[in-house]
Amino acid sequence: MSALIFLAFFHIQAVTSFADTVDYQAEADARKELPIQSNSTSGWPEGPAIGAEAAIVMEASTGTILYAKNIHEELYPASTTKIMTCLLAVENASLSDKITFSNDAVFSVPRDGSSIGMDVGESITLEQALYGIMVGSANEVANAVGEHVSGSIDGFVNLMNKRATELGCTNTHFNNTNGLQDEFHYTSAYDLALIARAFFDNELLCKVGNTPRYHFTETTTQPDDFYLNNKHKLISGEIKYDGIVGGKTGYTDLARETLVTCAERDGVKLICVILKEESPAQFTDTVTLFNYGFNNFASINVADTDKRYMPNDSLFFESEHDVFGKSGTILSLNKASTIILPKTSSINDTDYSVSYELSEDDLDTAANAIAKVSYTYNGVPIGTALLCYAAQRSNGSYGGSAHTHTTYINVGYILIGAVAFVFIMTIGSSISSRIATNRRYSSKSDRLRYRRRKKEFKKGKIKFK
């Protein structure tokens, strides 16, 4: 027995000693030498070297990837997982719903993990729960929300994986609601940016995710009065940065520091994901990457700037000419369509392709869309524009429906056709008239007699009874 105790003690000491000898900062410094894939694009602004294992900067409205470092590598997300938990909560429940804490919700998480001290049987509203998750990073609250939405934690995890697939994630598998360390709970920087893109598209979640401090007050179902302080330094204001929209921190021993943040300036909305970094560099990396994005890229309104004629497709942009001069166009690019370009480039540096396959999201954006133009810059997708039509109404204005067939009419051809039609009808009428006259008066003497009697009638010499 003494030998076994000695061996166990020796093993614990060895593990502790090994952990103490890991130089995480040296590992972070070494990771700065890893390649940055976005730097390989010709003409693309060179991105900074950072100590994270993986990082991405994605423009939210277009999905354009501005900065890419190992963005598809499968890594542990830690508590940034809770972005998905909150997204599903608002998509599947009401803010006034009561979230009651079960035994499993409270006691299936380690005592030394992040929590806000909810007890079995207590309840809070879903709105309070969102703040508990995003501001306080509460593991037990994430569990309770999962149970409320899906009936069980396992059911909610299945919903998380289903929603991840719907959002386009290909390197993600969730195994819990909160990001606690699990071998089978992982994601990638790209996938996490896709999830964050949906999260920050929700106004309420932006508000919750950008809250530096939240006050829980005593209620009949929750007896404590306390404050939660956000550990995200760009949200708390410890590191000042203009335009922050929101974010979420994360940490486990294996995941190391993880961070998701969103910021917006001058119509450009950026999402930055940092995976496997050392504190406090997750915050300074984010500032560095935001500065890179905002300083080097701009949002371009396609309808205002793309004046190129598309010769391979008869459905595109330029007005045709007719006898009146320029006729009005009935096709135009959607006014809200934008792309992201390096500030040193112009839209003439881009390539484009046209597709007539539109998604439900495309038609939700513009019901009168008939095609989608996809833009690239040296092979990098930088956004799309919807081509829309407007059918002319009787008052001369333009409107449209997504289900109306578009027909092009040249006014010059219409006028030529109309003149020809009138000419033909006039000649035809004259010929018909002569034929009818000749049929009624078959001889010259008959015609002369008719004319003479017509003159006599007008002079009153002939009367009819």
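These are my notebook entries on backbone oddities, one helix contact and the aromatic rings of a predicted model.

**Ground rules.** I number residues from 1 along each chain as its sequence is written. Since the model is predicted, I accept local features at pLDDT of at least 70 and side-chain atom pairs only at pLDDT 80 or more, with totals for chains, interfaces and linings using all residues, and side-chain values rest on heavy atoms, hydrogens and water being left out. My helices (H or I, at least four residues) and strands (E, at least two) are DSSP runs, numbered from the N terminus.

**Backbone.** I looked for a cis peptide bond and noted the one from Ser279 to Pro280, with omega near 0 degrees; Pro280 lies in the loop between β9 (268-277) and α11 (281-296). I then checked phi at Ser137 and found a positive value near 50 degrees in a residue other than glycine, in the loop between α5 (126-134) and α6 (139-150). Asp266, in the loop between β8 (256-265) and β9, likewise has phi near 50 degrees. For accessibility I take buried as under 20% relative accessible area, exposed as over 50% and partly exposed as in between (1.4 Å probe, protein chains only). Ser137 counts as buried at 10%, whereas Asp266 counts as exposed at 78%.

**Helices α5 and α6.** I read their axes, fitted to C-alpha atoms over the stretch in contact with angles from 0 to 180 degrees between N-to-C directions, as coming within 8 Å and crossing at roughly 140 degrees. The two helices are therefore oblique to each other, given that under 35 degrees is roughly parallel, over 145 roughly antiparallel, 65 to 115 roughly perpendicular and the rest oblique. The contact (heavy atoms within 4.5 Å) is made by Leu126, Ala129 and Ile133 of α5 and Val141, Ala142 and Val145 of α6.

**Aromatic rings.** I count 11 aromatic pairs, where rings of Phe, Tyr and Trp (its six-membered ring) pair if their centres lie within 6.5 Å, and planes under 30 degrees apart are stacked, over 60 edge-to-face and the rest tilted. Trp44 and Phe297 have ring centres 5.0 Å apart and planes at 50 degrees, so I enter the pair as tilted; Trp44 sits in the loop between α2 (24-31) and β1 (54-59) and Phe297 in strand β10 (residues 297-301), 253 residues apart. Both Trp44 and Phe297 are buried. Phe290 and Phe294 are also a tilted pair, with centres 6.0 Å apart and planes at 35 degrees. Phe290 is buried at 0%, and Phe294 is buried at 9%. Finally, I note that Trp44, Tyr67, Tyr292, Phe297 and Tyr377 form one aromatic cluster.
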